[in-house]
Amino acid sequence: MDKIRVENLNAWFGSMQVLKNINVSLKEKKISAIIGPSGCGKTTLLRCFNRLHELVPGARVEGKIFLDNTNIYEKEVDPVMVRRRIGMVFQRPNLFNHMSIYDNVIAGYLLNNTKLSKERKDEIVERSLRLAGIWEEVKNRLRDYPSALSGGQQQRVCIARALAVEPEVLLMDEPTSALDPISTYRIEETIRELKEEVTIIIVTHNMQQAARVSDETIFMYMGEIIEVGSTSQIFTNPKQKLTEDYITGKFG
Ligand SMILES: Nc1ncnc2c1ncn2[C@@H]1O[C@H](COP(=O)(O)OP(=O)(O)O)[C@@H](O)[C@H]1O
Ligand SMILES: [Mg+2]
């Protein structure tokens with residue numbers, strides 16, 4: 001089943017068009033990877049999925065993105081609701097440094113002023129940190145500040161924070177690009193486990209990572225989608241010459 005369907009999406013920064021007539025569907029509870037050379041529009045496309053692109057001054061979007069059956073760019077749709085249903089993890093961990101690990105995980109609720117009992121908060125924090133694969137490492141230091149954690153641990157707390165509000169879709173923009181190989185490996189493991197919970201869209205410039213974690217791969221080039229297919233097909237039997245040249249490292 002399709003969780004997200006993009007129809008004739010175009011996006012601009014000022015007068016520069018950076019996404020050109022994007023049409024693609026993303027399957028529910030699967031991991032889709034977006035690959036392509038630097039500057040091809042991967043981050044912009046990801047930020048259109050949760051209506052972040054339009055927050056950049058001068059930036060503009062045209063077209064439709066259906067989440068289930070609702071076009072999130074319809075006038076009556078509240079972007080805050082969209083962002084609640086579609087969470088995001090960024091390239092670098094961006095925890096709130098003045099808040100404890102515990103408060104960071106429930107930050108989504110604190111920011112919404114949602115009142116929760118102590119028991120309910122404890123439950124959410126434990127569940128989210130377990131899903132992000134970091135509960136055992138932090139369970140005895142939940143009141144510490146994030147600066148006490150390594151970059152990889154912080155990034156997994158960011159994943160926990162995104163999961164805490166139970167999003168239906170999780171966007172990840174090169175989530176391991178700032179991490180060492182062991183932290184990267186552990187986050188990839190976590191991503192594969194999360195597939196049961198949530199639909200995942202991951203941007204990566206690391207083709208091995210796309211091959212390791214994703215079910216479907218989208219190859220972009222200069223603002224366009226060149227090819228979409230199952231990850232095994234894209235990496236073993238690409239249909240487009242441009243895809244083949246990219247995955248065999250002829251350009252990057
Ligand atoms: N805030 C911005 N203002 C103007 N242009 C931008 C901004 N962010 C990205 N761009 C440009 O938009 C294009 C697509 O960028 P981006 O989506 O970040 O690509 P990718 O994530 O694939 O590297 C690039 O040409 C980039 O220089
Ligand atoms: Mg990017």
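Two strands count as paired when DSSP finds at least two bridges between them. With that in hand, welcome to this predicted model, in which four strands form an open antiparallel sheet in the order β2-β1-β4-β5. Besides the sheet, there are two places to visit: the shell of residues around ligand 1, to which α1 gives the largest share, and the largest pocket, with about 610 Å³ of space.

**The sheet**

- The strand order is β2-β1-β4-β5, and the pairing is antiparallel. β2 and β5 (70-71) stand at the edges with a single partner strand each, so one side of each has no neighbour in the sheet.
- On one side, β1 (residues 2-13) pairs with β2 through eight bridges in the antiparallel sense. If you want a landmark in this pairing, look for I4, whose bridge partner in β2 is L26.
- β1 and β2 make a hairpin, with two residues between the strands. In its turn sits G14, with a positive phi of about 60°.
- β1 also runs antiparallel to β4 (residues 59-67), and eight bridges join these two strands. Here a handy landmark is N10, which has E62 as its bridge partner in β4.
- When you look at side chains along a strand, it helps to remember that in a regular strand they alternate between the two faces of the sheet.

**Around ligand 1**

- The residues around ligand 1 are F13, M16 and V18, together with P37, S38, G39, C40, G41, K42, T43 and T44. By type, the shell divides into five nonpolar residues, five polar ones and one charged one.
- Oxygen atoms of ligand 1 take part in several polar contacts, including one at 2.7 Å from a polar backbone atom of G39. The side chain of T43 has an N or O atom 2.8 Å from a ligand oxygen, and a backbone N or O atom of G41 lies 3.1 Å from an oxygen of ligand 1.
- On its own, ligand 1 has 560 Å² of accessible area, and the protein covers 60% of this.
- The elements that give two or more residues to the shell are β2 (16-27) and α1 (42-49). The largest share, three residues, comes from α1.

**The largest pocket**

- This pocket holds about 610 Å³ of space. Its lining has 20 residues, and R83, G108, L111, R161 and V165 are the closest to the centre.
- At least two lining residues each come from α2 (79-85), β6 (86-89), α4 (107-111) and α7 (151-164). β6 provides the largest share, with four residues.
- The lining divides into 12 nonpolar, five polar and three charged residues.

Conventions:
Residues numbered from 1 in each chain as written. Chains lettered and ligands numbered in written order. Predicted model: local features only at pLDDT ≥ 70, side-chain atom pairs only at ≥ 80, totals over all residues. Heavy atoms only, no water. Near = heavy atom within 4 Å. Polar contact = N/O pair within 3.5 Å; in protein donor to acceptor, adjacent residues only side chain to side chain. Areas by Shrake-Rupley, 256 points an atom, 1.4 Å probe, with all protein chains shown as cover. Nonpolar A, V, L, I, M, F, W, Y, C, P; charged D, E, K, R; others polar. 1 Å grid on protein atoms, 1.4 Å probe; cavity = no way out; pocket = protein on both sides within 12 Å on 5 of 7 lines; lining within 4 Å. Points joined across faces, edges and corners; volume = space filled by probe spheres on them.
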